[in-house]
Amino acid sequence: MRELSLHILDIVQNSIAANATFIEIIIDENDEKNCMTIEIVDNGIGMSEELVKKVVNPFVTTRKTRKVGLGISLFKAACERCNGKFHIESELGKGTKIIASFEKNHIDRAPLGNMVDTMIIIILSNEKIDYLYKHRINKEEFVLDTRELRKVLGDVPLSNTEVIDWIKQYMVEGLEELRIKIVNDKLD
């Protein structure tokens, strides 16, 4: 996959298939450590120890529609290609956590991609699920929490066109502000 956001989308689709009701997506960019970490945590049905060991194999999948499951194995390969590490832990009935780290300025690291559009697709893919998206760059942080949005919106669904437009604008402005703070911090 050409962008890391597509890996995130694929892993979140796995979480949705695992009946998760809450999914955390945390992106942590640390310039000082030259590291980018992507963490995806869900409260889905989880996996057995045996399946966790097998799931990084592209020829293992729980899907009935095809016999290969390339998503996790490709994500792991993307990490390892960039001097990173891939870790997956899961427990039946409790959910799954995936942590992927990358050498941030490695020549082979794929760009993060468009996380705004990725989050919009994720939110629209299953409206009953809540998401916590955190994006850190050094010590600055942007947060989108759909649980907080639901409190404000009441009966208005997240899929409402005006709500989706607001979420998109909020993310665009928030992530841009985050990047501006980082530039200003470097200039100080």
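Two strands are taken as paired if DSSP finds at least two bridges between them, and the helices (H or I, at least four residues) and strands (E, at least two) are themselves DSSP runs, numbered from the N terminus. The model described here is predicted, so that local features need pLDDT of at least 70 and side-chain atom pairs count only at pLDDT 80 or more, while totals for chains, interfaces and linings use all residues. Residues are numbered from 1 along each chain as its sequence is written, and side-chain values use heavy atoms, with hydrogens and water left out.

**Strand β5 and its partners**

Strand β5 (residues 130-137) is largely enclosed by the rest of the structure, because six of its eight residues are buried, where buried means under 20% relative accessible area, exposed over 50%, and partly exposed in between (1.4 Å probe, protein chains only). Strand β1 (residues 22-30) runs parallel to β5 and is joined to it by eight bridges, with Asp28 standing opposite Arg136 in β5. Strand β6 (residues 140-145), by contrast, runs antiparallel to β5 and is joined to it by six bridges; here His135 stands opposite Phe142 in β6. The hairpin of β5 and β6 has two residues between the strands, and in it Asn138 takes a positive phi near 55°.

**Three individual residues**

| Residue | Element | Relative accessible area |
|---|---|---|
| Met115 | helix α4 (residues 115-125) | 3%, buried |
| Asp42 | strand β2 (residues 35-42) | 9%, buried |
| Leu74 | helix α3 (residues 70-81) | 36%, partly exposed |

Leaving aside neighbours within four places in sequence, Met115 is in contact (heavy atoms within 4.5 Å) with Ser5, Ile8, Ile27, Tyr133 and Met171. Of these partners, Ser5 is 110 residues from Met115 in sequence, yet the two are 6.0 Å apart in space, C-alpha to C-alpha.

Asp42 touches Ser15, Ala20, Phe22, Ile23, Lys94, Gly95 and Thr96, again not counting residues up to four places away in sequence. The side chain of Asp42 also reaches the backbone nitrogen of Gly44 at 2.7 Å.

Leu74 joins Met1 and Leu6 in making a nonpolar surface patch of about 240 Å². Such patches are made of residues with over 30% relative accessible area and no salt bridge, with like charges joined within 9 Å and nonpolar side chains (Val, Leu, Ile, Met, Phe, Trp, Tyr) within 5 Å; a salt bridge is a side-chain nitrogen of Lys or Arg within 4 Å of a carboxyl oxygen of Asp or Glu.

Notes
Polar contact = N/O pair within 3.5 Å; in protein donor to acceptor, adjacent residues only side chain to side chain. Areas by Shrake-Rupley, 256 points an atom, 1.4 Å probe, with all protein chains shown as cover.
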